[in-house]
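Here are my notes for your read-through. Please keep the structure open beside them.

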Amino acid sequence: MKKQPIAALIYDFDGTLSPGNMQEFGFIQAVGKTPEQFWTMSDTLATGQDASNVLAYMKMMFDEARKNGISLRRESFRGFGADIELFEGVREWFQAVNRYGREHGVIVEHYINSSGLKEIIEGSPIAHEFKHVFAGSFMYDDNGDAQWPGMAVDYTAKTQFLFKISKGILSSRDNKMVNESMADDKKRIPFNHMIYFGDGDTDVPCMKIVNMFGGHSIAVYDPANERKRKAAEKLKRQGRVNFHTPAIYTPDSRTFKVVCAIIDKIKADYVLAGLSK
């Protein structure tokens, strides 16, 4: 056995760590639209073409940027990411959880699993906290300009990244190693060492898989949004998540207490498994 268990904390981004969609903190305003206008146009495009909502919003970003003379380069996206609003306590959350894990003999790693854009997340104030970011992205030409979607991540595509995290694969494009058979005791992070954070229906497949294999899922919600609170309560009532909690990440929050208790359980289960050999 490893000397210490590794706990993977896996987060959706929009609505989970941030109260809005990441495109709403600069990009949409830069192309002269309101969030309502942009998302209505995107949804209309997806419906009319019977297409992926994720690919539709990526095309809308591409088209609207070109129409308004905005360069879509990696650094442009990262610039928009710098202005992302975060829920209370998020900036300090990672170090606090890492410290708790360290004090209790558990290595804590943080991952993003998002239908948003990797390039925007990489520009956010918390980008350095993640071992890896799994999210949508563009492909770029030799001049560094976005040319085409490179990775589109919808609610079912997100599930593949759970298996990649479990096996220690950090490539979004890999479709070989992730499907190779691997004994549970050889996996870098077993599913029962995972904690999945999400805020809505698009996270349900990931939540269900983590739960099914012995991990824990947490539905978080904007404490200022009654509709979100009811949605999280419904997920808990339906048994799709283990816990629901306000998206407050301070050391005195319910979120922190729940995660610390799960870390304690991961360590206890790990010790017991060792004693049973």
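The numbered points below cover the pocket, two helices, the cysteines and some single residues.

1. Status of the model. This is a predicted model. Please read each point below with that in mind.

2. The largest pocket. How much space lies in the largest pocket? About 900 Å³. Its lining is made up of 29 residues. Closest to the pocket centre are D14, N21, D199, T202 and K228. Four elements each give two or more residues to this lining: the helices α2 (35–49), α3 (53–67) and α9 (226–237), and the strand β2 (107–117).

3. Character of the lining. Sorted by class, the residues lining the largest pocket are 12 polar, 11 charged and six nonpolar.

4. Helix α3, length and ends. Helix α3 holds 15 residues. From first C-alpha to last it reaches 21 Å, close to the 21 Å expected at 1.5 Å a residue. At the N-terminal end of α3, S52 acts as the cap. A side-chain oxygen of S52 lies 3.1 Å from the backbone nitrogen of V54. After α3 comes G69, with a positive phi near 70 degrees.

5. Helix α3, buried side. Which residues of α3 are buried? They are V54, A56, Y57, M58, M60, M61, F62, E64 and A65. The general rule is useful when reading such a list: an α-helix has 3.6 residues a turn, so residues three or four places apart point the same way.

6. The loop before α3. D50 sits in the loop between α2 and α3. D50 is not a glycine, yet its phi is positive, about 50 degrees. Is D50 buried or exposed? D50 counts as exposed because its relative accessibility is 73%, and the cut-off is over 50%.

7. Helix α9. The 12 residues of α9 should span 16 Å at 1.5 Å a residue. The end C-alpha atoms of α9 are 16 Å apart, so the two values agree. At the start of α9, a side-chain oxygen of N225 comes within 3.0 Å of the backbone nitrogen of R227. G239 follows α9, and its phi is positive, near 80 degrees.

8. Cysteines. How many disulfides does a search of the whole structure find? Zero. For reference, a disulfide is a covalent bond between the sulfur atoms of two cysteines. C206 has 0% relative accessibility, so C206 counts as buried. C260 is at 7%, and therefore C260 counts as buried too.

9. A buried charge in β2. E109 is found in strand β2. Its relative accessible area is 10%, so E109 falls under the 20% cut-off and is buried. What does the side chain of E109 contact? It makes a polar contact of 2.6 Å with the side chain of R188.

10. I84 and its distant partner. I84 is placed in the loop between α4 (74–81) and α5 (90–103). I84 has a relative accessible area of 4%, so it is buried. In sequence, I84 and I126 are 42 residues apart. In space, I84 and I126 are 9.9 Å apart, C-alpha to C-alpha.

11. I195 in β5. Strand β5 (residues 194–198) contains I195. I195 is buried because its relative accessible area is 0%. I195 and V259 are 64 residues apart in sequence. Their C-alpha atoms are 7.9 Å apart in space.

Terms used:
Residues are numbered from 1 along each chain as its sequence is written. Side-chain values use heavy atoms; hydrogens and water are left out. On a 1 Å grid over the protein atoms alone, a cavity is a set of points where a 1.4 Å probe fits but cannot get out, and a pocket is an open set with protein on both sides within 12 Å along at least five of seven lines; lining residues have an atom within 4 Å of a point. Grid points are joined across faces, edges and corners, and a volume is the space filled by probe spheres set on the points. Ala, Val, Leu, Ile, Met, Phe, Trp, Tyr, Cys and Pro count as nonpolar, Asp, Glu, Lys and Arg as charged, and the others, Gly among them, as polar. The expected span of a helix is 1.5 Å times one less than its number of residues. Buried means under 20% relative accessible area, exposed over 50%, partly exposed in between (1.4 Å probe, protein chains only). A polar contact is a pair of N or O atoms within 3.5 Å; within protein, one must be able to donate a hydrogen and the other to accept it, and residues adjacent in sequence count only if both atoms are side-chain atoms. A disulfide is a pair of cysteine sulfur atoms within 2.5 Å.
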